[in-house]
Structure formats: C-alpha cells, structure tokens
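Here are my comments on the model you sent, set out as numbered points. Please read them with the sequence and the structure side by side.

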Amino acid sequence: MSRLLVPVSSFDHIQGPEDAAITLVEYGDYQCPYCGEAYPVIKEVQRMLGSRMRFVFRNFPISEMHPNALPAARFAEAAAIAGRFWEAHDLLYQNQQALEPADLLRYAAQLRVDHTMLQAAADGNFDPRIERDFMGGVRSGVNGTPSLFINGRRYDGPRDVESLIDALGVVA
C-alpha cells in the first residue's frame, strides 16, 4: 500500500478543519470520467461527515488522455487567486463535458475571475503549482485518477458512498 509522501500543508486546496480526525486527499483530473463519477460521492461523504473530515484536492491532469485537463486545472488555479477555487472545482466537475476555452471563459465570467488571471493561467503562470501537485502524486505512487489517500494511506477500494464511509472508519 502506498503512502502519501507530500504532507498536507497550507499550499493545498482544503475544505474542512485542520484538526479533523480524517483527511481525504484526492489527486484528480477535471476531464477524467472516473473523477467525474467520484465527485458526487466525495461531496456526499463530506456532507455526511461534516467537520469530522477535511478534504484536500490536488491537481493530476493526465494531458495525454485528457487534452482539456491542464487548461481546466489552470483555470481552477486562477479562480483560487480570486478566492473561488472550490466554486471552480465544482463547476468544472459539474460541467465535465464542457471544458473547451470558450467554456472556461464563460465560467470565469460566472465566477468573476479577472481576465488578467485567466491570461496568466493560459500563459502557464500556475504550471509550477500544478506540477508540484502532479510530481507529489507521482512520488506517492499515483498513476491514474482519481487516486485517494485516507490519513496518508492509499485507498484503492470501491468508490461509492458506503464503501468510502467504511474505509474512513467512521459511523456516519
């Protein structure tokens, strides 16, 4: 079983309290259909566990298979500068079939992400952040998405609400 080699830090995108008993880390790709399937499951687990869990999302765009994954990750990072990362994250997964440049421009307007930040994203200014996530995943044994880690240990079991709750070791 692989372990998370890059500890959660203030550089991560985090939902939930720092002192939560459970930390769930996802390495995800916005265009990956399996990540799209896992998205509502993770949202439901978050809803059920509330403050008992913190959720961390790290970028792992597999650009060779998903050509819109990197632009989507860049967009999410631009939204993060505007304090809108989680809104962008949700919007991208809820509209996974619409990740073309025109779609991202529409989402930027919807989230009020500054055009300057969008251009910076398109120019690759956030690529070091995305690369840091990606390489941390590689070091931790990530070779596909979604890859989940529960309290630092890789979880490769079923990705439905009941199985994930069981793996988290809590009573919902």
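1. Pro67 sits in the loop that connects β3 (53–59) with α2, in what is a predicted model. Its relative accessibility is 57%, and because the threshold for the exposed class is over 50%, Pro67 counts as exposed. Although 32 residues separate Pro67 from Leu99 in sequence, their C-alpha atoms are 9.5 Å apart in space.

2. The largest pocket holds about 240 Å³ of space. It is lined by 14 residues, of which Pro71, Pro101, Leu104, Leu118 and Ala122 lie closest to its centre. Three helices, α2 (69–81), α4 (101–111) and α5 (115–122), each give at least two residues to this lining, and α5 provides the largest share, with 5 residues. By character, the lining of the largest pocket is made up of 9 nonpolar, 3 polar and 2 charged residues.

3. Strand β4 (residues 147–150) deserves a careful look, starting with its side chains. Ser147 and Phe149 point one way, Leu148 and Ile150 point the other way, and all of them are buried. This can be read against the general pattern, in which side chains of a regular strand alternate between the two faces of the sheet.

4. As for its partners, β4 pairs with strand β2 (residues 22–28) in the antiparallel sense over 4 bridges, and within that pairing Leu24 has Ile150 as its bridge partner in β4. Strand β4 is also joined to strand β5 (residues 153–155), again antiparallel, by 3 bridges, and here the bridge partner of Ile150 is Arg153. The hairpin formed by β4 and β5 has 2 residues between the strands, and in this hairpin Asn151 takes a positive phi near 45°.

5. Which residues have the most contacts inside the largest nonpolar core? They are Tyr30, Phe75, Leu92 and Leu164, in a core of 45 residues, and helix α1 (residues 33–49) contributes the largest share of that core, 7 residues. There is also a second, separate core of 8 residues, which includes Val25, Val56, Val142 and Phe149. As a general background, nonpolar side chains in soluble globular proteins tend to be buried together.

6. Leu164 can be followed further through its contacts. Leaving aside residues up to four places away in sequence, Leu164 touches Leu24, Val41, Ile42, Val45, Leu148, Ile150, Tyr155 and Pro158. Two of these names return us to the strands, since Leu148 and Ile150 are the β4 residues that point the other way from Ser147 and Phe149, and Leu24 is bridged to Ile150.

How values were computed: Residues are numbered from 1 along each chain as its sequence is written. This is a predicted model: local features need pLDDT of at least 70, side-chain atom pairs count only at pLDDT 80 or more; totals for chains, interfaces and linings use all residues. Side-chain values use heavy atoms; hydrogens and water are left out. Buried means under 20% relative accessible area, exposed over 50%, partly exposed in between (1.4 Å probe, protein chains only). Two strands pair if DSSP finds at least two bridges between them. On a 1 Å grid over the protein atoms alone, a cavity is a set of points where a 1.4 Å probe fits but cannot get out, and a pocket is an open set with protein on both sides within 12 Å along at least five of seven lines; lining residues have an atom within 4 Å of a point. Grid points are joined across faces, edges and corners, and a volume is the space filled by probe spheres set on the points. Ala, Val, Leu, Ile, Met, Phe, Trp, Tyr, Cys and Pro count as nonpolar, Asp, Glu, Lys and Arg as charged, and the others, Gly among them, as polar. A nonpolar core is a set of buried Ala, Val, Leu, Ile, Met, Phe, Trp, Tyr and Cys residues joined through side-chain atoms within 4.5 Å. Contact means heavy atoms within 4.5 Å.
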